[in-house]
Structures are given as C-alpha cells and as structure tokens.
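Grab a coffee and open the structure in your viewer. Below are some exercises, each with a worked solution you can follow on screen.

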Amino acid sequence: MGGKNGMDEFRFIDRSTTNAEKYTLREKLFGVNEVQPLWVADMDFATPKCVLDAVSERLKHPIIGYEILPSSAYEAQIEWFKEHHDFVMEREWLSYSPSVVASLGCAIRALSEVDDEVIVMDPVYPPFYSMVRDNHRRLILHPLHQDDEGVYRFDIEKLRSQITSKTKLLVLCSPHNPIGRVWSREELVELSGLCLEYGIVIISDEIHCDLVYPEHKHIPIASLSSDVCNATVTLMGSGKTFNMAGFSISTVCIADETMRKRYAEEQHRLHWGDGALLSHVAFEAAYRHGGEWHQKLLYRLDENRQKVVRAFENTEIRVNAPQATYLAWLDCRALGMGNRALREFFVQQAGVGLSAGISFGREGSGFMRLNFALSFEMLERALEKITHALENLER
C-alpha cells in the first residue's frame, strides 16, 4: 500500500491553495494567516478513491442536469447501517437533506410550535443553539458534567426537573461533538424512556456514528425499540465518515408516518429539492464501496488519537481519549486563563487555530477543541508547537 504503516492515502495534502474553509477564514477568526488550522471538523485526508472514481465516471456523460437521489443510493446507506450499526431502516423512512443543520432546523419547525421548549445539552455543536433560537423556540440547557475520571454524563433526574408541558423536543448529539462521548445502551435507554414518558420527540444527530474507536460501539437511539424509533428523528450522512462534506448531502430517518408527513410538508416549503447529481453518485459510492477505506481510516485516527493523549500527559492540559470523532477536547482550566487569553495563547504562542470551548456553550469555558484528522507530520508539528508553548509558559 505504500506510505507509513501502509497508509499512503492518508499522507499530507496541501489545502492552503484551495478555498478550504479552515484556511480561508484564518485571518478573520484568528487575526493571522500563518496559524496552523485545527478547527473545522473535516479531515485533511483524501476523499476515498472509490468516491472520486465514481464522480469521474459520471462526468464522462456530457449533461449535468437535474436528477433525483436514486433508490439504490438509499439502499446502500440502509445496508451500511444494517451491517455496521445493527439498525434496520426502511426505504420510506429516509429523505434527502443538504446538511444535518438544515435537517435540524426543518425538524424543529415541523415538530414544534413557536415558544415551545427544546432541550439541548451543553456543551454541544454551536448550531444546535442557533437553530432553536433562530426558529423562535425556547432553549432549555441541560449541562453535561464530568465525573471524577473526566467522563461526561447527563443527569436524568435534573433533566426530569427541567421538563414542562411546553417541552416538545430533545436534541441529542450521538456520538457527541465536542466531548467525543459514545453514549452507552444503558444511558440511551434511560434517556429515551424519559422522553417517551413525557411525549418528547428526540432529534438525534448521528453524523459521527462511523467514527467510533474499537473499544466502543455506537448504538442508534432509534434502534432501541419500535416505540423509541417512532419517537425519533435521526440525522445521518456520509460527509464525516468519508470526508466528503463538500458534496452537501445527508439523510433524515423518520419511522413514524405522522411525523414524516409533517417533516415533508416543512421540507416542501423550504424547497431544497433532491440535491445535486454528483453528490448522489458520491453518496452511493461511499456507502457501497468505502468499507475498506473506512477501516484504514479508523486505524489511522486511532493512532493520531493516542498521539494526542500522550503529548499532553505531562502538561497542565488534561485530555481524555475521545471515544469517537477525530476531535480532542482539551481541558485547559488548570492554566488559569480566561477564554480570550486561552484562545490568544494558542494562536500567538503556539501558532495553532483551535475551536474555542466557550463557543460550544457555557460548559465549554476553559476548554479548546483540536481536530487531529491530519497527517502524522502535520499533527506532530502542531503538538510540538503546543507543548513548546506550554513549556515556555511554565518558565
């Protein structure tokens, strides 16, 4: 296969000359262009060859017009989830969406009313907050807290106390971004049981479901039982798994016919259509032929994950190995810096651009999120710069 550890497809690829978001927005976000970007949650690895080959083959046809997402593409995703996650979906449950965030907004509007309450766990991916607020629903924050080992958990009894007659939706991130948790079956059973008890619909973002490390297993919450399945909207996609976010394609799984109809009506009002034909081709190729590449990817990410944890072992930054995702959640509170000073330390002293923990909610104060989905050499460079800056800070 070539390359270090036979992983030539995960070699360094220079994206700085492209319009990659993580590069083009450096000066705007960090005030300098020279900073090494480790923030946006996409990978600096080549999209699988099977995807690129399928798109190239389709481009041999000279007409790039309107097309629908074919049933064969949905079937490929259904087979993937059956094989990898023991979740059996039916074709009619699935529909196209340009992104998980678009799906989230559509589901919020379809399944709740203005001023209804939506529970969101803090910290979490920032658009969860904005999608609730921007759609004029009331945001109910459920703080996730770390136990003595630094593992985040939700508190069912506190959650119960936050529910009112106006609470209609709970937004779950599973696996969780930014903390990297893979929720256990027991946790999901307890959470879903509470939602069923109060008639709360679960909107579950499972975009990172295929980026789970060997000692853990992702369990789609909708797979727990038919009752939970009928109370859940699952948001999924190929973008994270196969590093193809630029194709702007995802899917929504809704088993309950009434909820599916309400969602479809809202989707029709938005008129986002059925996506672009090259995205359709890429989506199907990824799920149908990307299995071998996916296994190699997990091996590489696991190596990188361990490298990140080792790098901070003898520093004041605490890092628990993420159970999923390629995002390390750095606990920097022992440095004693405010959030602004912390961000400036990483930019000015270490020369790296990370995602500020406070952007993920109040519970993210004092944390930073680091994307480690990059080549060995670039990851080593970033870690060396950070640890060197920490050493200088201690002198």
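Before starting, keep in mind that this is a predicted model.

**Exercise 1. Work out which acidic residues Arg15 pairs with, and what parts of the chain those pairs tie together.**

Step 1: check burial. Arg15 is buried, and Asp44 is buried as well. Asp42 is buried too.

Step 2: look for a charged partner. Arg15 and Asp42 form a salt bridge through their side chains, with N to O at 3.0 Å. Arg15 sits in the segment before α1 (21-24), while Asp42 sits in the loop between β1 (36-37) and α3 (49-58), so this pair ties together parts that are 27 residues apart in sequence.

Step 3: look for another one. The side chains of Arg15 and Asp44 also make a salt bridge, this time at 2.8 Å, N to O. Asp44 is in the loop between β1 and α3 and Arg15 in the segment before α1, so here the parts tied together are 29 residues apart in sequence.

**Exercise 2. Find the salt-bridge partner of Glu67 and decide for each side of the pair: buried or partly exposed?**

Step 1: the partner is Arg58, whose side chain meets that of Glu67 at 2.8 Å, N to O.

Step 2: compare each value with the cut-off, since buried means under 20% relative accessible area. Arg58 has a relative accessible area of 15%, so Arg58 is buried. Glu67 has 36% relative accessibility and therefore counts as partly exposed.

Step 3: place salt bridges in the wider picture. Through shared partners, Arg15, Lys22, Asp42 and Asp44 are joined into one network. The salt bridges come to 25 by count.

**Exercise 3. List the buried residues of α3 and say how they are arranged around the helix.**

Step 1: pick them out. The buried residues of α3 are Val51, Ala54, Val55 and Arg58.

Step 2: look down the axis. Those buried residues fall within an arc of 95°, so they line one face of α3.

Step 3: ask what lies over them. The cover includes α11 (277-289).

**Exercise 4. Trace the 7-stranded sheet from edge to edge, then see how its strands pair.**

Step 1: write down the order. The sheet is open, its pairing is mixed, and its 7 strands run β2-β10-β9-β8-β7-β3-β4.

Step 2: name the edges. These are β2 (94-97) and β4 (138-143), each pairing on one side only. On average, neighbouring strands are turned by 25° against each other, direction ignored.

Step 3: zoom in on β7 (167-173). In β7, 6 of the 7 residues are buried, leaving the strand mostly covered. β7 runs parallel to β3, joined by 4 bridges, with Val120 opposite Val171 in β7. β7 is also parallel to β8, with 5 bridges, and Leu170 has Ile202 in β8 as its bridge partner.

Step 4: find an antiparallel pair. β9 (residues 232-237) and β10 (residues 250-254) pair that way over 5 bridges, and the partner of Val233 in β10 is Ile254.

Step 5: add a helix. α5 (residues 100-111) lies across β2, β7, β8, β9 and β10, and runs at about 165° to β9.

**Exercise 5. Describe the surroundings of Asp116.**

Step 1: locate it. Asp116 is in the loop between α5 and β3 (117-122), and with a relative accessible area of 6% Asp116 is buried.

Step 2: follow its side chain. The Asp116 side chain reaches the backbone nitrogen of Glu113 at 2.7 Å. The side chains of Asp116 and Lys166 are also joined by a polar contact of 3.3 Å.

Step 3: list the contacts. Beyond neighbours within four places in sequence, Asp116 touches Arg137, Arg138, Lys166 and Lys168.

**Exercise 6. Do the strand tracing again for the 4-stranded sheet.**

Step 1: get the order. This open sheet reads β11-β12-β15-β14, with antiparallel pairing.

Step 2: mark the edges. β11 (318-319) and β14 (355-356) each pair on one side only.

Step 3: inspect β12 (residues 327-331) and β15 (residues 367-371). These strands are antiparallel over 5 bridges, and Trp329 stands opposite Arg369 in β15.

How values were computed:
Residues numbered from 1 in each chain as written. Predicted model: local features only at pLDDT ≥ 70, side-chain atom pairs only at ≥ 80, totals over all residues. Heavy atoms only, no water. Salt bridge = Lys/Arg side-chain N within 4 Å of Asp/Glu carboxyl O. Helix = DSSP H or I, 4+ residues; strand = E, 2+ residues; numbered from the N terminus. Buried < 20%, exposed > 50% of the residue type's maximum accessible area, 1.4 Å probe, protein only. Pairing = 2+ DSSP bridges. Axes fitted to C-alpha atoms, helices over the stretch in contact; angles between N-to-C directions. Contact = heavy atoms within 4.5 Å. Arc of directions from axis to C-beta. Polar contact = N/O pair within 3.5 Å; in protein donor to acceptor, adjacent residues only side chain to side chain.
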